[in-house]
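Colleague: I have not looked at this one before, so could you walk me through it?

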Amino acid sequence: MDQVKSILKDYYNIDITDVLSQQGGWASLAYKVSNKNKSYFLKVYEKSRSSTPKLTALIDQYVPIMVWLKNSSDLQGKIPVPLITSSGEYKCEDEYGVYLLYDFIEGETIGDQDLTGNQVDQLSKILTELHSYGDDIPIRTDAIKEDFEVPFLQMLRQILQKGRNDFPSDVWELIHSYIPQLNKLIYTVEEYSQNLKNPILKMALCHTDLHNWNLMQSGNQLLLIDWEGLKLAPVEADLMFLVDKPYFDEFLSIYRKTHPNFSINRDAMTFYQGKRRLEDIWEFIEQLLFDEQNDEERLVTMNYLREELRFV
Ligand SMILES: Nc1ncnc2c1ncn2[C@@H]1O[C@H](COP(=O)(O)OP(=O)(O)O)[C@@H](O)[C@H]1O
Ligand SMILES: [Mg+2]
């Protein structure tokens, strides 16, 4: 806790009186920190986690785009943007972690709940607006441009080539019967990855991690949070999260008012769906094999992995 206090003091010049540990996502830790006047949300990417380098590498590239969106688009008030440190940075770090500080959002995470009609309407409008910006905005987007590379596939394939003795026995028991299907899916994703590199696809700004744990309701406003995945990509990178939802038609009817000629690119959709499935599986395997986890954390990861494998 003292460490959190000194981060806030040293980097943001904020004197904190309260620190409350929050339930973060699975990629980060979080604290609600308060001084006399207001509360903040401190997001901590621990350097000990194998997912951290990937999640934090592009902060300095994507946050300026968010700042621009916040100031220049209709997304103002609908997306949280990190506060800057005393020296003007969007993040700070020490030997233990990488830190992002936000205003605390007083509200409720949607999480396991279904979206109401009004929330579907608001989410549709947020995405419609986001997707109307591309590489023509006055901030550089090259660092976040989709290149259809999927670097983790090679590591995943190598791991899957190993045998029983190279895995903890519980992990082996869980995965071994899925290995042929996983290899098939890896092949498919690689094939689509190659094929998508050639045609000139229309690209737009995409969030790429749309799920209800990244949606919060605050008063009348629905907010889309957790923008680490911001990319310039075919919009299927976002729509893959919506196509199977009962409200997809409703979403499309709103979306098409602004994007009248829109139709789904099946290849891009197949690529993103397969990639996402493999990415989740890879991250869980990575945690089980390489991260330091206690028994309870390990059990949670095992359960996530079991759940994910059922769909391969
Ligand atoms: N600014 C905020 N204020 C209050 N709660 C927040 C804020 N940002 C995120 N949260 C809560 O913390 C959870 C994890 O945050 P998120 O940014 O999604 O982290 P992760 O990258 O680990 O998924 C969210 O599901 C939400 O409940
Ligand atoms: Mg999240």
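Colleague: Let me start with one residue: where is the place of Thr208?

Modeller: Please keep in mind that this is a predicted model. In it, Thr208 has its place in the loop between β7 and β8.

Colleague: Is Thr208 buried or exposed?

Modeller: Thr208 counts as buried, because its relative accessibility is 18% and buried means under 20%. Its backbone deserves a note as well, since phi of Thr208 is near 65 degrees, which is a positive value in a residue other than glycine.

Colleague: And what is phi of Asn13 near?

Modeller: Phi of Asn13 is near 55 degrees, again a positive value in a residue other than glycine. Asn13 belongs to the loop between α1 (2–12) and β1 (18–22), and with a relative accessibility of 52% Asn13 counts as exposed.

Colleague: Changing topic, which protein donors does the magnesium ion (ligand 2) have?

Modeller: The protein donors are Asn214, through OD1, and Asp226, through OD, and they lie 2.1 to 2.2 Å from the magnesium ion.

Colleague: Which parts does that pair tie together?

Modeller: Asn214 sits in the loop between β7 (204–206) and β8 (215–218), while Asp226 sits in the loop between β9 (221–224) and β10 (231–233), so the pair ties together parts that are 12 residues apart in sequence. Asn214 is also buried, with a relative accessible area of 3%.

Colleague: What about ligand 1, how many residues surround it?

Modeller: Ligand 1 is surrounded by 19 residues, and the closest of these are Ser28, Lys43, Ile105, Thr109 and Trp213.

Colleague: How far is an oxygen atom of ligand 1 from an N or O atom in the side chain of Lys43?

Modeller: For Lys43, an oxygen atom of ligand 1 is 2.7 Å from an N or O atom in the side chain. For Thr109, the distance between an oxygen atom of ligand 1 and an N or O atom in the side chain is 2.5 Å, and for the side chain of Glu228 the corresponding distance is 3.4 Å.

Colleague: Next is His131, so where does it lie?

Modeller: His131 lies in the loop between α4 (117–130) and α5 (152–161), and His131 counts as buried because its relative accessibility is 3%.

Colleague: With which side chain does His131 make a polar contact of 2.7 Å?

Modeller: That partner is Asp238, whose side chain is in polar contact with the side chain of His131. The side chain of His131 is also joined to the side chain of Tyr255 by a polar contact of 2.6 Å.

Colleague: Now the empty spaces: what volume does the largest cavity have?

Modeller: The largest cavity has a volume of about 50 Å³, and the count comes to 1 cavity of 30 Å³ or more. The residues that line the largest cavity include Leu123, His211, Asn212, Phe241, Lys245 and Tyr247, and its lining divides into 7 nonpolar, 2 polar and 1 charged.

Colleague: And how many residues line the second largest pocket?

Modeller: The second largest pocket, with a volume of about 270 Å³, is lined by 15 residues, of which Lys202, Val235, Glu236, Phe262 and Ser263 are the closest to its centre. The lining of that pocket divides into 8 nonpolar, 5 polar and 2 charged residues.

Definitions and conventions
Residues numbered from 1 in each chain as written. Chains lettered and ligands numbered in written order. Predicted model: local features only at pLDDT ≥ 70, side-chain atom pairs only at ≥ 80, totals over all residues. Heavy atoms only, no water. 1 Å grid on protein atoms, 1.4 Å probe; cavity = no way out; pocket = protein on both sides within 12 Å on 5 of 7 lines; lining within 4 Å. Points joined across faces, edges and corners; volume = space filled by probe spheres on them. Nonpolar A, V, L, I, M, F, W, Y, C, P; charged D, E, K, R; others polar. Donors = N, O, S within 2.8 Å, 3.2 Å for Na, K, Ca; no water. Helix = DSSP H or I, 4+ residues; strand = E, 2+ residues; numbered from the N terminus. Buried < 20%, exposed > 50% of the residue type's maximum accessible area, 1.4 Å probe, protein only. Near = heavy atom within 4 Å. Polar contact = N/O pair within 3.5 Å; in protein donor to acceptor, adjacent residues only side chain to side chain.
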